[in-house]
Every structure is written in C-alpha cells, then in structure tokens.
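Q: Please take a close look at one part of this structure, the metal site, and then describe what surrounds it in the rest of the chain. I am in my first year, so plain wording would help.

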Amino acid sequence: MSPAQKQFPIGNFRVKVEAYTEHGTPRRMSNVEGVEASRDPVKTAKRAVAALARKLRIAADLSDLKLEGTRESILGTHVTFQQLHDGLPVTGGWIRVDVDKAGNVFSILNDLIPVRVLKQASQEQAKRQAASPGKYTVKEAFAEARKALGRKAGPSLTVVSSEKVSLPVKGVPRQAIKLVLVSTKPRGEWKVYVDLVTGKVLAKVRLLKDATGKGRVFDPNPVVALDDSTLKDSSNVPDAAYREVDLQGLEGKGLLDGPFVTTRTTPGRVKKTNLDFRFRRGKKAFTEAMVYFHIDRVQRYIQDLGFTHVLNRPIAVNVVGQSDDNSHYSPVTKDLFFGTGGVNDSEDAEIILHEYGHAIQDAQVPGFGRSSECGAMGEGFGDYLAGSFFAEHKPARLRACVGTWDGVSYSHDDPPCLRRLDSKKKYPKDVTDEVHDDGEIWSACLWEIRAALGARTADKLVIASHSLLSPAASFADGANALVTADAQLNAGKNKAVIRGVFVRRGILKK
Ligand SMILES: [Zn+2]
C-alpha cells in the first residue's frame, strides 16, 4: 500500500466498538459511518483501515498489512488483510472489513497487534538470538515437534508444509516455524509451532476433529436382548431387540471411518453426512454400524486395560466378505470379512468380537496359530473375548454360550449357540485336532480363570500373556505364559489359581 492512501478523504468517520482486543484496541466494530463508498471493495476496505489506524495503533501507512484476499457472501464482500512483522506473517494477526453490495463498510473485525507490542517483540527476538545464535531448520523443528506429539503420532508422521511465522505468545510475537503434520497410523493432523531460535515447541493445534454419530445395534444380539432362544433368522425381530448408541470417533465425512474401524473394504458402503446410522436388520448398513460400534467399543476397553499398542489402528471390515455362513480375519491383508449365509455373522456382536480376537492375536504375535494347539488357542481366545465382554449383559442361562443369534440357523441345542465356554473337555483325551472344537478346551480354562479372578483381571492377563507366545505355541506354553504374566502384573498373586485350572484340565503337570 502506498503512503499516499492515508490522504484519502475520510470524512466524518464514526464507528461503534462492540468488543476490545487483549491490547485494548477495538476488536469488533459495527455501524461504520463516514467511509467513502466505492465500487472496489478492496479500495473501500483500505480506506476504512487507514481511517482507523490510530485507534488500532497500527502503522499509519498500513505498511505492515498485506491483502490476504476477498470472499463473497450473501452479505457482500469480505476483505481480509494479514499483518506482517519483520517480514513474517503474524499468526492470527488479521483485520477483516465487511463491505455491503452498495459498497459501504458495515462491520470490521480486528486482531492486529499494536506497533508498540511489535517493537517489544523485535527487541526480545534480538535478545533471544544473541543468547543462542543460529536458527532451527525445518528438519530440526520436525524432530522437536515429533517429540512433543509423542505417542499421539506414529512413525508415519510427515511434514505437509512448513512456513516461518511470527507467533504471538501471551500477546507478544516470536519467530517460529509452523509445521503442518499428518500421521496416518494413528490418524491425526496437527499444526505445531517451534521457536525458530530456541527450538521450543510453542503451540500444538490438533486439526482433525472427531465426530459422534448415531447408530442402532444389537448388543450383542436379539436372543440375549429378548432372552428368547426361539427366535429364527426369519423372525420379525421387535424393536426391543435394538439399542440406540453413539458411534464414537467418526472422522465426520459421513463414512464409518474411525480410529479403530473402517468399512472402506465393504462394497457400496453406507454414507450418511448427518452421521445418523440408525438402520434395522435387512439393510447392509445395519451390519456396517454393528461392526463399527462393537469393534470401536472393545478396542477402547482393551486400551482402558492398559494395552495402548494392541491393534491401535483402524481395521478394515467387509461386512459382505463371503456368501457362506462363515467369517474370517486375513493375516495377509490384516482385514476382517464377515459371511452373509444364515444369520449374517455381523448381526451377532459375539461373532464380531470372535473374529476381532484373531486380529488382536495376529497383531501381538504375527502369524499366530501355526500349530494346531496354537490355532485352538486362537479360536478359544476369540470365544472367550466375546463371552467375557458380554457376560454382564446376558441372562445367566446364556452366559456360557457364544453366538446364540448366529446359532439359530444351524444349532439344535437350547439355547442355540456356536460354541460354549463351559465344556468339560479334558486334555489330551478330548483333542480332535479341529481347532474350533479344541478351542473349547482352551476357552473353558480362560472362563474358569475369569470366574476366579474377575473379568478385568482375567482379560488383562489373557491379553498380556499373548506377547509371550510364539506362533506355534502349545497349550502348555499358553498356560505358562499366563502364570508369567501374572508374576509380572500381579506379583504372582494368582499363580495357584491359574495353575490349578490348567492342572485339572490336564494341560499342566501337578
Ligand atoms: Zn475363529
């Protein structure tokens, strides 16, 4: 802007001040009168700012302002100027002038920093620079930012952009490097400001905001919710079988994408920009909301137990992954696939948790399940996880049954179920070498330990013990891992209980 501009005729400039800045200068102004209108909104805006310069305590020639841009709206044209300090843009240092369609200024929003403060800032900057010569590079600043974000950002953290800025700290600007950073695992986006001279992280701003959606789910399934084991796949499932829930952590773009689950592998997945995912069975979207809600919730529980690195990433789920009555976790793609034969597998949260159990173990011990006993422990753990998580929701007679809703299409037992947690099977005489059947030996042990120690203690020990296993572990290895985990976590307080369970099953020697 040329100094000549301050000579524009200002006339009887008047303005109503509605609010003040922390520096005591006018912040929000309305009823602006006396600025000569023109057909060029930028020109008009400059006239208004020049007329206000003394009141705003900025340089009268507007030499530290740069036109940032104009934006049109139904109200007119909004003209924004950016403040510069020693050549760097002042973060948050803006003034916006609103010009109506007739070319009159009708309101002004000022966040500029007064000259006096800028002078003080320059002096302090020079002092800091004298005390520690040299300047941080972007690379060095990034290292500081990474340290400051800690575990919130994973190894995938990268710099999207960097810029030198003048960042007000307690109102007084300091020269800083602004970094825009993105991490894909876990997902996150930040703005981090690092002091150009000292390398100190001055501010961190999280850019990615979570949103909460609405969902309607079975929790875990209609047989449990209604305590009705006569239900069939063809039954008209009443409203009482459903629960309305919050879907937490959604990225907010209308898709079921969150920190622990994504349905991106489901063909034609549901999109609801209002984040209202309340559907009923029969709609594919219902099962998408099911997997999102249940996996998200159990992962939050696992983290609450203290496991912050066990599958702390969005797992991809395809709810129509196969047409038979089966589901699987793929150790190759690390994704989940649910079957649609019989009752849709993803309509029964116990089946969802069972499959998620495989993903958990594979995350803890890649390739878990190379021996048949290890495979059986995998099946047994999935059943245990589902049974343990929902036990308190269930009527007593259903508590030891896993997959009671899934089971209605093939089970002739009452209650119908996929498998039980209270089998009397003994090792080695009842071993069949079929992993699901043998899994009932393992899950029954875990179920007994849970009964003796309580859900939280048992769940924590079981998950912790996996880290001690090899992909081809035996039942005895698994039992000893539980004893060791208890020694580490509980000073061995539960050794006798744990060993007792495995000795009675025939897995450990007396
Ligand atoms: Zn399985």
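A: The answer below starts at the metal site and then moves to the core, a sheet, the cysteines and some backbone details.

The model is predicted. Its zinc ion is coordinated by three residues: His 354 and His 358, each through NE2, and Glu 379 through OE. The coordination distances are 2.0 to 2.1 Å. Along the chain, these donors follow the spacing H-x3-H-x20-E. The two histidines belong to helix α6, which covers residues 349–364. They are 4 residues apart, about one turn of the helix. His 354 has a relative accessible area of 3% and is buried. His 358 is buried too, at 18%; the cut-off for buried is under 20%.

Next comes the nonpolar core. In soluble globular proteins, nonpolar side chains tend to be buried together. The largest nonpolar core here has 90 residues. Among those with the most contacts inside this core are Phe 277, Ile 295, Ile 315 and Tyr 356. Helix α5, residues 284–304, gives the largest share of the core, with 11 residues. A second, separate core has 24 residues, including Val 35, Val 49, Leu 65 and Ile 95.

Ile 315 can serve as an example of the contacts. Leaving aside neighbours within four places in sequence, Ile 315 touches Phe 260, Val 261, Thr 262, Ile 295 and Tyr 329, among others. Its contacts also include Lys 334, Asp 335, Leu 336, Tyr 356 and Ala 359.

Helix α5 also lies across three strands, β11, β12 and β14, and runs at about 65 degrees to β12. These strands form an open sheet in the order β12-β11-β14, with mixed pairing. Strands β12 (243–250) and β14 (276–277) stand at the edges with a single partner strand each, so one side of each has no neighbour in the sheet. Strand β11, residues 211–217, pairs with β14 in the parallel sense over 2 bridges. In this part of the sheet, Lys 214 stands opposite Asp 276 of β14.

The cysteines are a separate matter. A disulfide is a covalent bond between the sulfur atoms of two cysteines. The structure holds 0 disulfides. For Cys 374, the closest cysteine sulfur is in Cys 445, and at 15 Å that is too far for a bond. Seen from Cys 445, the closest cysteine sulfur is that of Cys 374, at 15 Å. Cys 374 counts as buried, at 0% relative accessibility, and Cys 445 is also buried at 0%.

Some backbone details remain. The peptide bond from Asp 219 to Pro 220 is cis, with omega near -5 degrees. Pro 220 is in the loop between β11 and α4 (222–226). Another cis peptide bond joins Tyr 427 and Pro 428, where omega is about 0 degrees. Pro 428 sits in the loop between β19 (419–420) and α8 (435–453), and Asp 433 is found in the loop between β19 and α8 as well. Asp 433 is not a glycine, yet its phi is positive, near 70 degrees. Asp 433 is exposed, with a relative accessible area of 56%. Asp 227 also has a positive phi, about 45 degrees, without being a glycine. Asp 227 lies in the loop between α4 and β12 and counts as partly exposed, at 36% relative accessibility.

Definitions and conventions
Residues numbered from 1 in each chain as written. Predicted model: local features only at pLDDT ≥ 70, side-chain atom pairs only at ≥ 80, totals over all residues. Heavy atoms only, no water. Core = buried A, V, L, I, M, F, W, Y, C linked by side-chain atoms within 4.5 Å. Buried < 20%, exposed > 50% of the residue type's maximum accessible area, 1.4 Å probe, protein only. Contact = heavy atoms within 4.5 Å. Donors = N, O, S within 2.8 Å, 3.2 Å for Na, K, Ca; no water. Disulfide = S-S within 2.5 Å. Pairing = 2+ DSSP bridges. Axes fitted to C-alpha atoms, helices over the stretch in contact; angles between N-to-C directions.
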